[in-house]
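Got the viewer open? Here is a short tour that tells you what to select at each stop.

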Amino acid sequence: MNIITTIRTLLGLVPSTEKAIAGFNKAAAKLEAVVAHEATVIDALAGKIEKLEDSIASTAAARLDAFARRDRAKTIADRVAALIG
């Protein structure tokens with residue numbers, strides 16, 4: 001018996017399948033918790049992105065409406081100018 005085996009035997013550090021499975025289960029539980037947390041963060045960010053998309057869409061619609069009104073006003077101004085002058 002070498003010295004490391006003797007120390008393991010005395011301290012009860014004998015590896016076993018049950019200990020390995022318990023370690024893997026513990027690691028899997030921690031990973032599941034991390035995944036759940038990241039999913040929560042992603043959902044929150046998706047909500048913020050959706051709000052920004054809605055804001056951008058309404059702003060773009062308002063700008064297009066303003067451009068259309070400006071173009072209509074220019075057309076009317078040109079017609080009036082043609083009638084006058």
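The stops below go from the whole chain down to single side chains.

**Stop 1: the whole chain.** Keep in mind that this is a predicted model. Show the chain as a cartoon and you'll find 2 helices and 0 strands. The chain is more spread out than a compact globule, because its radius of gyration is 35 Å, well over the 12 Å that the globule rule gives for 85 residues. Turn the C-alpha trace around and look along its principal axes: the spans are about 115 × 20 × 15 Å.

**Stop 2: the surface.** Now switch on a surface. How much of the chain is buried? Buried residues make up 0% of the 85 residues. The chain exposes about 7,600 Å², and carbon and sulfur atoms supply 68% of that area.

**Stop 3: helix 1.** Select residues 3-11, which form helix 1, and pick out Ile 7 within it. Ile 7 has a relative accessible area of 44%, so it counts as partly exposed. Next, add Ile 3, Ile 4, Leu 10 and Leu 11 to your selection: together with Ile 7 they make a nonpolar surface patch of about 570 Å².

**Stop 4: along helix 2.** Move on to residues 17-84, helix 2, and click Ala 61. Ala 61 is partly exposed, at 45% relative accessibility. Want a feel for distance here? Draw a line from the C-alpha atom of Ala 61 to that of Thr 17: the two residues are 44 apart along the chain, and the line should read 64 Å.

**Stop 5: the charges.** Colour the charged side chains. You'll get 12 positive and 10 negative ones, with the centres of the two sets 5 Å apart. Side chains of opposite charge can pair when their charged atoms come close. How many salt bridges are there? The count comes to 3.

**Stop 6: the salt bridges, one by one.**

- Select Arg 69 and Asp 65: their closest N and O atoms are 3.3 Å apart. The two residues sit 4 residues apart in helix 2, so about one helical turn separates them. Arg 69 is exposed, at 51% relative accessible area, while Asp 65 is partly exposed, at 43%.
- Select Arg 70 and Asp 71: their side chains meet in a salt bridge, with 3.3 Å from N to O. Asp 71 is partly exposed, at 41%.
- Finish with Asp 78 and Lys 74, whose salt bridge has an N to O distance of 3.2 Å. Both are in helix 2, 4 residues apart, which is about one turn of the helix. Asp 78 is partly exposed, with 41% relative accessibility.

How values were computed. Residues are numbered from 1 along each chain as its sequence is written. This is a predicted model: local features need pLDDT of at least 70, side-chain atom pairs count only at pLDDT 80 or more; totals for chains, interfaces and linings use all residues. Side-chain values use heavy atoms; hydrogens and water are left out. Patches are made of residues with over 30% relative accessible area and no salt bridge: like charges are joined within 9 Å, nonpolar side chains (Val, Leu, Ile, Met, Phe, Trp, Tyr) within 5 Å. Accessible areas come from the Shrake-Rupley method with a 1.4 Å probe; for residues, only the protein chains shown count as cover. A salt bridge is a side-chain nitrogen of Lys or Arg within 4 Å of a carboxyl oxygen of Asp or Glu. Buried means under 20% relative accessible area, exposed over 50%, partly exposed in between (1.4 Å probe, protein chains only). The radius of gyration is taken over C-alpha atoms; the globule rule is 2.2 Å times the number of residues to the power 0.38. Lys and Arg count as positive and Asp and Glu as negative; His and the chain ends are not counted. The place of a charge is taken as NZ of Lys, CZ of Arg, CG of Asp or CD of Glu.
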